[in-house]
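Let's take a walk through a protein model together. Keep the picture in view as you read, and turn it whenever a new part comes up.

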Amino acid sequence: MENIIIITICTVAIITIKIILSININEIKKIGMDKSLNKIAEKYPSNEEICKRILRKLNNKKVKVEKNEESNNTMYIAMIDKIVIGNTKGSYTRIQTMAHECLHTIQSRRTLMFNVIYSNIYMIFYLAIIIMIISKITQNYMVIINIFLIMSLIYYMIRIYLEDEAMYKAKELAKEYMEEVAISDKEEIKTITDGFEKLNKVGIKAVHYSTFTAILLKVIIFSIVALIF
């Protein structure tokens, strides 16, 4: 019975928060593919060049930059101090994305490493409790799920702190980069910056929602497994 209640509450929470925050993935995609802004951004160098220029601006020359055309994701890998640039040529948002990942490189090394290590421990623990339930090693579901939820709060806090800091600063850093390279005039830079602002307005809350939802979905899966086994 307890598991059914948990599944119901988590499902209602996911739906309710989505409605309250007005999360619309299609809207985010539409903003990110604005044709007029994409045309302006075409004048800028490759993502790799943008990234290296911003890193120099941040006085960070140690970070490695690598392209990976097979992936659409661009990310900073803290463990090896490397930015991997995915296939993000089409959208004007690539300029802000490069700024975002470069900002990750100058965040607290201790916090970044804790996030990497803790995230792995967090996932291993989750897989372990699923296996424990399937194998009937324990049936003390409530204790286990409470421990997992406490771990999830720590995971959420650290992850969102790192992402928020980079997201809030990325727009201004991208603007400073565009002003320095002077490829666009002031009006074009303002137009692109306004696009960043519009995207961030919906994108930041979407990141919060997706991170929080991922936790609740894990709780739902755990509860379903507990019901079955």
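Below, we go from the whole chain to its sheet, then to two helix pairs, and finally to two single residues.

Before we start, please keep in mind that this is a predicted model. The chain contains 8 helices and 3 strands. If you follow the chain from the N terminus, you meet its elements in the order α-α-α-α-β-β-β-α-α-α-α. In other words, the strands come one after another, with four helices before them and four after. The C-alpha trace spans about 65 × 40 × 30 Å along its principal axes. Of the 229 residues in the chain, 45% are buried. You can also ask how far apart in sequence the touching residues are. Taking contacts between residues at least 6 apart in sequence, 75% join residues that are at least 24 apart.

Now find the strands. They form an open sheet of 3 strands with mixed pairing, and their order in the sheet is β1-β3-β2. At the edges lie β1, residues 64–67, and β2, residues 75–77, each of which pairs on one side only. On average, neighbouring strands of this sheet are turned by 25° against each other, if direction is ignored.

Let's look at the two pairings in turn. Strand β3, residues 82–85, pairs with β1 in the parallel sense, over 4 bridges. Two places help you find this pairing on the screen: K64 stands opposite K82 in β3, and K67 has I85 of β3 as its bridge partner. On the other side, β2 and β3 pair in the antiparallel sense over 3 bridges. Here Y76 stands opposite I83 in β3. β2 and β3 form a hairpin, with 4 residues between the two strands. One residue in the turn, D81, has a positive phi of about 50°.

Stay with β3 for a moment and look at its side chains. Which residues of β3 point one way, and which the other way? K82 and V84 point to one side, while I83 and I85 point to the other. All four of these residues are buried.

Next come the helices. Two packed helices are described by the angle between their axes and by the distance between those axes. Start with α1, residues 2–21, which packs against α8 at an angle of about 165°, with the axes 9 Å apart. Because an angle over 145 degrees counts as roughly antiparallel, α1 and α8 are roughly antiparallel to each other. The crossing of α1 and α8 is left-handed. Residues of α1 in this contact include I4, I7, I14 and L21, and on the α8 side you will find, among others, F212, L216, I220 and L227. By class, the residues in the contact of α1 with α8 are 17 nonpolar, 4 polar and 2 charged.

Helix α8 also has another partner to look at. Helix α2, residues 25–32, and α8, residues 186–228, pack at an angle of about 155°, and their axes are 10 Å apart. So α2 and α8 are roughly antiparallel to each other too. The crossing of α2 and α8 is left-handed. From α2, the contact is made by E27, I28, I31 and G32, and from α8 by G195, K198, L199, V202, G203 and A206. Sorted by class, the contact of α2 with α8 has 5 nonpolar, 3 polar and 2 charged residues.

Let's finish with two single residues. T211 is found in helix α8. Is T211 buried or exposed? Its relative accessible area is 10%, and the cut-off for buried is under 20%, so T211 is buried. Leaving aside neighbours within four places in sequence, T211 is in contact with Y155, Y156, R159 and I160.

The other residue is S71, which has its place in the loop between β1 and β2. Which residues does S71 touch, leaving aside its neighbours within four places in sequence? S71 is in contact with G86 and N87. For a sense of distance, pick out V207 as well: S71 and V207 are 136 residues apart in sequence, and their C-alpha atoms are 20 Å apart in space.

Key
Residues numbered from 1 in each chain as written. Predicted model: local features only at pLDDT ≥ 70, side-chain atom pairs only at ≥ 80, totals over all residues. Heavy atoms only, no water. Pairing = 2+ DSSP bridges. Axes fitted to C-alpha atoms, helices over the stretch in contact; angles between N-to-C directions. Parallel < 35°, antiparallel > 145°, perpendicular 65-115°, else oblique. Left-handed = near helix turned anticlockwise from the far one by under 90°. Contact = heavy atoms within 4.5 Å. Nonpolar A, V, L, I, M, F, W, Y, C, P; charged D, E, K, R; others polar. Buried < 20%, exposed > 50% of the residue type's maximum accessible area, 1.4 Å probe, protein only.
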